[in-house]
Amino acid sequence: QVEIVESGGGFVQPGGSLRLSCAASGTIFSIYAMGWYRQAPGNVRELVASITSGGRTNYADSVKGRFTISVDNAKNTVYLQMNSLKPEDTAVYYCNVELTSPRSLIPHDYWGQGTQVAVSS
């Protein structure tokens, strides 16, 4: 069984920084990609940043230059460093991991429970 656990959310003033962490544990064969999505009230869930097993990154235009995604492959952990935070970054942030496991040899998406990020003065 695979478990996805996020941490690091919280409240911060505009211009501040937060670092989110997400660890995948359990019986995992291979991780193909890890990423962060967010969903604000009334909005659809959107991609914030992702990174493939080969290290290729992708960012939403709204966070380029402010957010950095990185991964520790040995720990199956992905990080999202968020700098220069803005009120419009306020949302629940979800970790997504695309992996294979005994459940499926075809890459399958797993989601964390979400962590709240609130940016306000």
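This is a short walk through one predicted model, with strand β9 as our guide.

Hi everyone, and thanks for coming. Please keep in mind that what you see is a predicted model.

Let's begin with the disulfide. The structure holds 1 of them, and it joins C22 to C95, with 2.0 Å from S to S. If you are new to the term, a disulfide is a covalent bond between the sulfur atoms of two cysteines. The link of C22 and C95 is left-handed, with -80 degrees about the S-S bond. What does the pair tie together? C22 lies in strand β3, residues 18-26, and C95 in strand β9, residues 91-101, so the link connects parts that are 73 residues apart in sequence. Are C22 and C95 buried or exposed? Both are buried.

Now follow C95 into its strand, β9. This strand is mostly covered, with 9 of its 11 residues buried. Let me take its partners in turn. With strand β4, residues 30-39, β9 pairs in the antiparallel sense over 9 bridges. If you want a spot to look at there, find I31, whose bridge partner in β9 is L99.

Next comes strand β10, residues 104-111. It is joined to β9 by 5 bridges, and the two run antiparallel. β9 and β10 form a hairpin, with 2 residues between them. Here you can look at N96, which stands opposite W111 in β10.

Then there is strand β11, residues 115-119. β9 and β11 also pair in the antiparallel sense, over 3 bridges, and Y93 stands opposite T115 in β11. As general background, strands of a sheet pair through backbone hydrogen bonds, either parallel or antiparallel.

Before we leave β9, have a look at S101, which also has its place in this strand. Why does S101 count as buried? Because its relative accessibility is 3%, and the cut-off for buried is under 20%. Leaving aside neighbours within four places in sequence, S101 is in contact with V2, T27, F29 and Y110.

Now for the core. In soluble globular proteins, nonpolar side chains tend to be buried together. In this model, the largest nonpolar core has 32 residues, and the ones that touch the most other members are W36, L80, M82, Y93 and V97. Elements that give two or more residues to this core include β1, β3, β4 and β5, as well as β7, β8, β9 and β11. Which element gives the most? That is our guide, β9, with 5 residues.

M82 deserves a closer look. Not counting residues up to four places away in sequence, M82 touches G16, S17, L18, L20, R66, F67, Y93 and V117.

Finally, let's visit the open sheet that contains β3, the strand at the other end of our disulfide. In this sheet 4 strands run in the order β1-β3-β8-β7, and the pairing is antiparallel. The edge strands are β1 and β7, each of which pairs on one side only. From one strand to the next, the twist averages 15 degrees. β1 and β3 pair over 6 bridges, and here E3 stands opposite S25 in β3.

So that is our tour. If you take one picture away, let it be the disulfide between C22 and C95, with C22 in β3 and C95 in β9. Thanks for listening, and I'm happy to go back to any residue on the screen.

Methods: Residues are numbered from 1 along each chain as its sequence is written. This is a predicted model: local features need pLDDT of at least 70, side-chain atom pairs count only at pLDDT 80 or more; totals for chains, interfaces and linings use all residues. Side-chain values use heavy atoms; hydrogens and water are left out. A disulfide is a pair of cysteine sulfur atoms within 2.5 Å. Helices (H or I, at least four residues) and strands (E, at least two) are DSSP runs, numbered from the N terminus. Buried means under 20% relative accessible area, exposed over 50%, partly exposed in between (1.4 Å probe, protein chains only). Two strands pair if DSSP finds at least two bridges between them. A nonpolar core is a set of buried Ala, Val, Leu, Ile, Met, Phe, Trp, Tyr and Cys residues joined through side-chain atoms within 4.5 Å. Contact means heavy atoms within 4.5 Å. Axes are lines fitted to C-alpha atoms, for helices over the stretch in contact, and angles run from 0 to 180 degrees between N-to-C directions.
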